[in-house]
Amino acid sequence: MPSVASSTPLDVLRLIFSCLPSPDLAVWCRVNRTVHPVAKEALYRALYPSRRNVLPLCLKLATEPDIALRVRAFTITDDTVDMFLGVIADALLKLPRLRALFLFIGPMSSWILPRPDACPFQLHEFSTSFFFDEPLQSFLQSQRSLLHLRVSAPRDLSLSRAIRPPMFPNLVSIAAPMSVVEAVIPGRPVRNVTSYHFNHHPPSVSCFARSTSPAGVQRLMLNFTYLQTLAPDQLAEFTPNLKSFTIDADAIKPDDYEMVDQLTEWIEEYLSYAKHLNCLIIRFYPALSSVPCQEIDFSDMITSIFAASVHLEHVIVLFNGVKAKYVCRQPPGQDWYIVND
């Protein structure tokens, strides 16, 4: 095996190593001198610390610059690492080539993010469970190369209103509450939006029309609780080039035919205005159903949706937390059918 690996082109090795798990990469690091640097690069390129190894890994990054230089993506999705926040903060200060940062370690720890004057990296993608507070806002001010952003609700609405176009001017996708989205989109080339709103006084969707993307917002996900407060024609007006629309059926019981009919009626009215939509996705919550979602017949809903639009090509029914889904396709002039179930 070592001789085969040594004779394999480096580009091929990099492609192979990009698909291997960390334990296998650690083995390849010990094969020979030729393979070692390629495997080591892949081993540290994307890191996923957990409570079990976050301390030694972060100490290694903080004290070994050659290792820290290899890291492009850093992900922690463990909210039990609170006792290690200090060492995580130290490690982040040592990652000059970091491009993707995902921190889901609770809502109150944004202080670990580097200050703008000390931040060594420029991210392309940032996702976090932190509240949108002052430390997070300060950090984002330093991220002018940011393309994809996912954040939580602001602790103070005045913070989201303080967002100005000089912050992350190249942003193309945002996943956040509408109170943040309506402040982020104007003046930026945002084309993908995932958002939600539950409280009274729903924000306007007019912000979607203020994207500087040539085609505007083209992919959108909103929860149905919020959609029910909107006029379908206004949503279509502010997203005239929308191609893919996901409805998070957050308050709809999948086995309640009256509620499903209510959802279907809203969709039918919206489709009468949406002239370019070719994919509609509906996400149900199995926990709201008294019977397994896979046993529910959605054919009447799907038929009505396809009948409401001559442009629609796909209707996809998803179930949150379940792999099963229905991908339905209707070729022009033909009946719809299930591509996979």
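**Exercise 1. Sort out the cysteines.** Is Cys207 buried or exposed, and how many disulfides does the structure hold?

*Solution.* Start with Cys207: its relative accessible area is 5%, which makes it buried (buried is under 20% relative accessible area, exposed over 50%, partly exposed in between, using a 1.4 Å probe and protein chains only). Next comes Cys119, which also counts as buried, at 17% relative accessibility. Last, look for disulfides, meaning pairs of cysteine sulfur atoms within 2.5 Å: there are zero.

A word on the ground rules before going on. This is a predicted model, so local features need pLDDT of at least 70 and side-chain atom pairs count only at pLDDT 80 or more, while totals for chains, interfaces and linings use all residues. Residues are numbered from 1 along each chain as its sequence is written, and side-chain values use heavy atoms, leaving out hydrogens and water.

**Exercise 2. Track down the salt bridges.** How many salt bridges does a search of the whole structure find, and which residue partners Asp248?

*Solution.* Set the criterion: a side-chain nitrogen of Lys or Arg within 4 Å of a carboxyl oxygen of Asp or Glu. Run that over the whole structure and you get three. Now take them one at a time.

- Step 1: Lys60 pairs with Glu64 at 3.4 Å, N to O. Lys60 is partly exposed at 27% relative accessible area, and Glu64 is partly exposed at 29%.
- Step 2: Arg115 pairs with Asp117 at 3.3 Å, N to O. Both of these residues are exposed.
- Step 3: Asp248 pairs with Arg283, with 3.0 Å between the closest N and O atoms. Asp248 sits in strand S9 (residues 244–248) and Arg283 in strand S10 (residues 279–284), so this bridge ties together parts 35 residues apart in sequence. Asp248 is buried, with a relative accessible area of 8%, whereas Arg283 is partly exposed at 23%.

For the strand and helix labels, these are DSSP runs numbered from the N terminus: helices are H or I with at least four residues, strands are E with at least two.

**Exercise 3. Look at helix H7.** Which residues of H7 are buried, and what do they pack against?

*Solution.* First, place the helix: H7 spans residues 85–92 and is mostly covered, with six of its eight residues buried. Second, name them: Leu85, Val87, Ile88, Ala89, Ala91 and Leu92. Third, list the neighbours by contact (heavy atoms within 4.5 Å): the buried residues of H7 pack against helix H5 (54–63), strand S2 (73–76) and strand S3 (100–103).
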